[in-house]
Amino acid sequence: MINLAVRDVLHSWSKFVLTGVGLGLLIGVTFSMAGIYRGMVDDGKALLRNSGADIWVVQKDTLGPYAEPSSVRDDVYRGILGLPGVMAAANVTYLTMQVNQGVKDVRVMVVGFEPGQPGEPPYLVAGRQITRGHYEAVADVRTGFAVGDTVRIRRHEYAVVGLTRRMVSSGGDPMLFIPLRDAQEAQFLKDNDAIVSERERTAANPSLNRPGVPGLLEAVQASQTASRSVNAVLVRLQPGWEAEQVAEPIRRWKHLQAYTLAQMEEILIAKLIATSSKQIGMFLVILAVVSAAIVSFIIYTMTLGKIRELAVLKLIGTRNSTIAGMILQQSLGLGLIGFLIGRTAATLWAPFFPKYLLLLPEDALSGLVLIMVICALASLLAIRAALKVDPATAIGG
Amino acid sequence: MTEKPAIEVRGLRKRYGEGDAAVEALKGVDMTVQPGEVVGLIGPSGSGKSTLLKCLGAVIDPTAGQMALAGRTIFDEGWTIRDLRALRRDMIGFVFQAPYLIPFLDVTDNVALLPMLAGRPNAEARKTALELLTALDVQHRALAQPSQLSGGEQQRVAIARALANHPPIILADEPTAPLDSVRALDVMRILNRMAAQYRAAIIVVTHDEKIIPTFKRIYHIRDGKTYEEAGEGRPID
């Protein structure tokens, strides 16, 4: 028996393929939306993975340092280093800001870290790690900087000495690594005018400028301009220690919040991008419904265009199952073309997205199954119309 | 041994609707057509021609009466055969006013489709199709698409399709309506030749004055009843 669906498609292949292309672009958008969600999750996981930490110590009652602001004193790490099971503990700062890159501004997350400690970029794709105490930077390739470029952060210029990759914030902004001291200054130090103004205010305060207490005013002013805060302390454990074994005493005795890797993943993925993922989920549902409607209308219209042929086919003895199978196969064929074009389109345009777009093979497989199910359901309307065709309509009168 | 009639209809009735709105389209039709015979079915619009054709084609249910095809009773106050689709496929050939070829199948497969639907292997079905196309002198268009054929060629292919399963009867619904005199007579010549060659009984519903003189026997249908009369039987060649 010849395959009627294939013959019909081959007969009007241009219409079929063009429809498939239209559907495919819509499916491509659907895959891209899923890819954006996957990219967000992967960005979050990469951020945690690349920080090289087992525990994040942040300000008490905050979800910092990525989901909420957090400020801890920069000498806290010493006490943590003394705890059993801690191999390394280091201060880090995170500051999202706009920096100038050539003719355009780039939004980056400036990370202050101590070389050789947790928080350092784990690998480079060009150049070297920071070796000097000041004014050197390592940039993620997506910032657009190259080794040898200079980047201005607040008052100072930094030489880009190395490049790394897949180092992004939870929001997808590429990272720019600079020495901790410079980062603290950039984040917490006020500008010169503000410092002068603050000094004058302090000097005018009689309780802080007592003639009988020499040196008090200078001490207060010095404390106002010094930056002694960091956003978090990253802790690396000794082998054989469970993160919770170390995190618990930090919470209890240091009056700080300590998150394990699993808890940080929960914060980043379940809380921080929860709204975004719901938004994307809604888009996916809408796109699935729209795709189903399009396939349904197209197959239904194509079927209505063949009413006379269907009547003849039924009159000469074609089984209903053969006719239903023909329509179902065409619908599935349309879905398959749409899937192939959609997947290809999503792959081709993914690099042009400003945010990381991760297209997973398992998502493609799930998408294919979903598309086939949608197409099968969408063909029901057309099959119903085809089966209702009266073979008597082929005979005049 | 005498051959059984290809079609034998007795007291066939068809009523549409119920109660006061009921319309009796057929009021006791009698008809007998022998194998190899081509008869005309003539009548004004609304006389019941199409209804009779649909009843004979097992497309609609008669209300009462008897019908037998090739000696086999298929309707006796009700269908005696459960699978009317298979009955149409195996025992009845249809030729329509327009050829209604399947546009996405080539000429050969348009004809071969019926044997294929009957379960015959593709190669065998295509061989049968080519034989019929050769008999109808359109074998040179065997691989063409229907849209590439002239009107006359399309109608020949439609006739070949009707004959594909060698049915005992062929119902032709105004097959010459869209054709000029030459082509109309050509179609009638083919139908007569095929009827003789394949021993098929052919009922031709027509208004066409050009072909009416070619019938040897004519059934007139008026107000749901048939009246038989001898035709001129004018030779076509």
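Reader: I should like to learn how burial is read from a structure. What is the relative accessible area of Asp180(B), and how is this residue classed?

Author: Asp180(B) has a relative accessible area of 40%, so the residue is partly exposed. The reasoning rests on two cut-offs: a residue is buried under 20% and exposed over 50%, with partly exposed in between. Please keep in mind that this is a predicted model. Arg183(B), at 41%, is also partly exposed. The side chains of Asp180(B) and Arg183(B) form a salt bridge, with 3.8 Å from N to O.

Reader: What is the general idea behind such a pair?

Author: When their charged atoms come close, side chains of opposite charge can pair. Over all chains of this model, the rule gives a count of 27 salt bridges.

Reader: How do Glu136(A) and Arg132(A) meet?

Author: They meet through their side chains in a salt bridge, at 3.9 Å from N to O. As to their surroundings, Glu136(A) counts as buried because its relative accessibility is 1%. Arg132(A), with a relative accessible area of 49%, is partly exposed.

Reader: Where in chain B do the partners Glu228(B) and Arg217(B) lie?

Author: Consider the pair itself to begin with. Glu228(B) and Arg217(B) form a salt bridge whose closest N and O atoms are 2.8 Å apart. Glu228(B) belongs to strand E10 (residues 225-230) of chain B and Arg217(B) to strand E9 (residues 217-222) of chain B; the two residues are eleven residues apart, and the pair links distant parts of the chain. Arg217(B) is buried, since its relative accessible area is 15%. Salt bridges can also share partners: in this way Arg7(A), Asp109(B) and Arg126(B) are joined into one network.

Reader: That network names both chains. How is the size of an interface expressed?

Author: A common way is to give the accessible area that is lost when the parts come together. Between chain A and chain B, the buried area is about 2,500 Å², and carbon and sulfur atoms give 68% of it. On the chain A side, Met1(A), Ile316(A) and Ile395(A) lose the most area to chain B; together they account for 25% of what that side buries. Counted by residues, the contact takes 25 from chain A and 27 from chain B.

Reader: Which residues form the salt bridge between the two chains?

Author: Arg7(A) pairs with Asp109(B), and the closest N and O atoms are 2.7 Å apart. The count between chain A and chain B is one salt bridge. Across this interface there are also seven residue pairs in polar contact. Helix H1 (4-11) and helix H10 (307-315) of chain A are the elements that give two or more residues to the side touching chain B. H10(A) gives the most, with six residues. By class, this side of chain A has twelve nonpolar, five polar and eight charged residues.

Reader: May an interface be read within one chain as well? Into which domains is chain A divided?

Author: Chain A is divided into domain 1 (4-43 + 270-395) and domain 2 (60-189 + 227-255). Their C-alpha centres lie 47 Å apart. Eight residues from domain 1 of chain A and ten residues from domain 2 of chain A take part in the contact. The area buried between these domains is about 710 Å², of which 47% comes from carbon and sulfur atoms.

Reader: How many salt bridges cross between domain 1 and domain 2 of chain A?

Author: The rule finds two salt bridges across that interface. Asp43(A) and Arg166(A) form a salt bridge, their closest N and O atoms being 2.9 Å apart. There are three residue pairs in polar contact across the interface of the two domains. On the side of domain 1, the elements that give two or more residues are helix H2 (13-51) and helix H8 (261-272) of chain A. The residues of that side divide into four nonpolar, no polar and four charged.

Reader: Finally, which residues does Thr303(A) touch, apart from those up to four places away in sequence?

Author: Thr303(A) touches Leu310(A), Ile327(A), Ala382(A) and Ala386(A) on that count. Thr303(A) lies in helix H9 (residues 274-304) of chain A, and it is buried, with a relative accessible area of 3%. A polar atom of the side chain of Thr303(A) lies 2.7 Å from the backbone oxygen of Ile299(A).

Key: Residues numbered from 1 in each chain as written. Chains lettered and ligands numbered in written order. Predicted model: local features only at pLDDT ≥ 70, side-chain atom pairs only at ≥ 80, totals over all residues. Heavy atoms only, no water. Domains from an automatic or database assignment. Contact = heavy atoms within 4.5 Å. Buried area = accessible area lost by both parts, 1.4 Å probe. Salt bridge = Lys/Arg side-chain N within 4 Å of Asp/Glu carboxyl O. Polar contact = N/O pair within 3.5 Å; in protein donor to acceptor, adjacent residues only side chain to side chain. Helix = DSSP H or I, 4+ residues; strand = E, 2+ residues; numbered from the N terminus. Nonpolar A, V, L, I, M, F, W, Y, C, P; charged D, E, K, R; others polar. Buried < 20%, exposed > 50% of the residue type's maximum accessible area, 1.4 Å probe, protein only.
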